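I am opening a notebook on this structure for a reader who has not met it before. My plan is to look up the core, the helix packing, the aromatic rings and a few single residues, in that order.

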Amino acid sequence: MKLAEALQLRADLQKRMEQLAARLYDNATVQEGESPAEDPAALLTEYDECASQLEDLMARINRTNCETRTDRGTLTELLSRRDCLKLRVGTYQNFLTSASSLTRRATRSEIRICSAVSVPAYRKKADALSRELRETDNAIQAANWSTELL
């Protein structure tokens with residue numbers, strides 16, 4: 001199984017567990033004299049089986065990420081880099097939105113609001129970070145589809 005397939009399976013298992021948990025909550029209590037629509041014990045058994053599969057799969061994914069090398073480092077390093085780049089890009093974009101929104105004055109006596117930074121210079125930096133984020137994400141995706149799960 002390729003790493004990308006394992007990641008899809010992980011997402012499916014997580015979604016399945018969320019659905020089972022919701023069904024468990026719905027069937028946790030019933031009116032006296034009634035029976036639940038679904039057997040909570042059976043739901044818990046299925047939930048526990050999914051949790052065991054997920055635990056094993058996540059360990060294998062993490063092991064694969066640690067041991068898979070690319071020309072830019074291990075997958076774990078690339079994932080860390082991508083996460084930090086996402087944070088940086090988001091902060092730069094929000095900062096530049098604030099720095100770009102200047103208020104208009106109706107009269108000359110009103111307070112003038114100016115940008116504290118050169119927006120075009122920081123926009124170039126944000127664009128470079130966005131490009132690096134895309135390239136890092138592409139490298140991760142390429143590795144995911146070419147790497148066998150350990």
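**Entry 1: the nonpolar core**

I looked up the largest nonpolar core and found that it has 17 residues, of which Leu57, Ile61 and Leu149 touch the most other members. Four helices each supply at least two residues of this core, namely H1 (3-26), H2 (40-67), H3 (75-100) and H4 (119-146). The largest share comes from H1, with 6 residues. I noted a further core that lies apart from this one and has 9 residues, among them Leu85, Ala99, Val119 and Leu133. I keep in mind that the model I am reading is a predicted one. As background, I wrote down that nonpolar side chains tend to be buried together in soluble globular proteins.

Which residues does Leu57 touch, when residues up to four places away in sequence are not counted? I found Ala6, Leu9, Arg10, Leu13 and Leu149 in contact with Leu57 on that count. Leu149 therefore appears in my notes twice, as a contact of Leu57 and, together with Leu57 and Ile61, among the core residues that touch the most other members, where a member of such a core is by definition buried.

**Entry 2: how the helices pack**

I next looked up H1 and H2, which pack with their axes 9 Å apart and at an angle of about 155°. Because angles over 145 degrees count as roughly antiparallel, I recorded H1 as roughly antiparallel to H2. The crossing of these two helices, H1 and H2, is left-handed.

I then turned to H3 and H4, and here I read an angle of about 155° between the helices and a separation of 9 Å between their axes. H3 is roughly antiparallel to H4, and H3 passes H4 in a left-handed crossing.

**Entry 3: an aromatic pair across H3 and H4**

How many aromatic pairs does the count give? The count comes to 1 aromatic pair. The pair is made by Phe95 and Tyr122, whose ring centres are 5.8 Å apart and whose planes stand at 80° to each other, so that I wrote it down as edge-to-face, the word used for planes over 60 degrees apart. Phe95 sits in helix H3 and Tyr122 in helix H4, 27 residues apart, and the pair thus links distant parts of the chain.

Are these two rings buried or exposed, or in between? Phe95 counts as partly exposed at 36% relative accessibility, and Tyr122 is partly exposed too, with a relative accessible area of 34%.

I also looked up Tyr92, which lies in helix H3. Leaving out residues up to four places away in sequence, I found that Tyr92 touches Tyr122, Lys125, Ala126 and Leu129. Tyr122 is thus a contact of Tyr92 as well as the partner of Phe95 in the aromatic pair.

**Entry 4: single residues and distances**

I looked up Gly33, which lies in the loop between H1 and H2, and recorded it as exposed because its relative accessible area is 78%, over the 50% that the word requires. Between the C-alpha atoms of Gly33 and Tyr92 I read 60 Å, with their positions 59 residues apart in sequence. For Tyr92 and Tyr25, which are 67 residues apart along the chain, the C-alpha atoms are separated by 42 Å.

Gln14 is found in helix H1 and is partly exposed, with a relative accessible area of 33%. Its C-alpha atom is separated by 19 Å from that of Thr64, although Gln14 and Thr64 are 50 residues apart along the chain.

Ala42 has its place in helix H2 and counts as partly exposed at 43% relative accessibility. I read 9.6 Å, C-alpha to C-alpha, between Ala42 and Leu24, which are 18 residues apart in sequence.

My last look was at Thr74, found in strand E2 (residues 73-74). Why is Thr74 called buried? The word applies because its relative accessible area is 7%, which is under the 20% limit for buried residues. Not counting residues up to four places away in sequence, Thr74 touches Asn65, Cys66, Thr68 and Arg69.

How values were computed:
Residues numbered from 1 in each chain as written. Predicted model: local features only at pLDDT ≥ 70, side-chain atom pairs only at ≥ 80, totals over all residues. Heavy atoms only, no water. Core = buried A, V, L, I, M, F, W, Y, C linked by side-chain atoms within 4.5 Å. Buried < 20%, exposed > 50% of the residue type's maximum accessible area, 1.4 Å probe, protein only. Contact = heavy atoms within 4.5 Å. Phe/Tyr/Trp six-rings, centres within 6.5 Å; stacked < 30°, edge-to-face > 60°. Axes fitted to C-alpha atoms, helices over the stretch in contact; angles between N-to-C directions. Parallel < 35°, antiparallel > 145°, perpendicular 65-115°, else oblique. Left-handed = near helix turned anticlockwise from the far one by under 90°.
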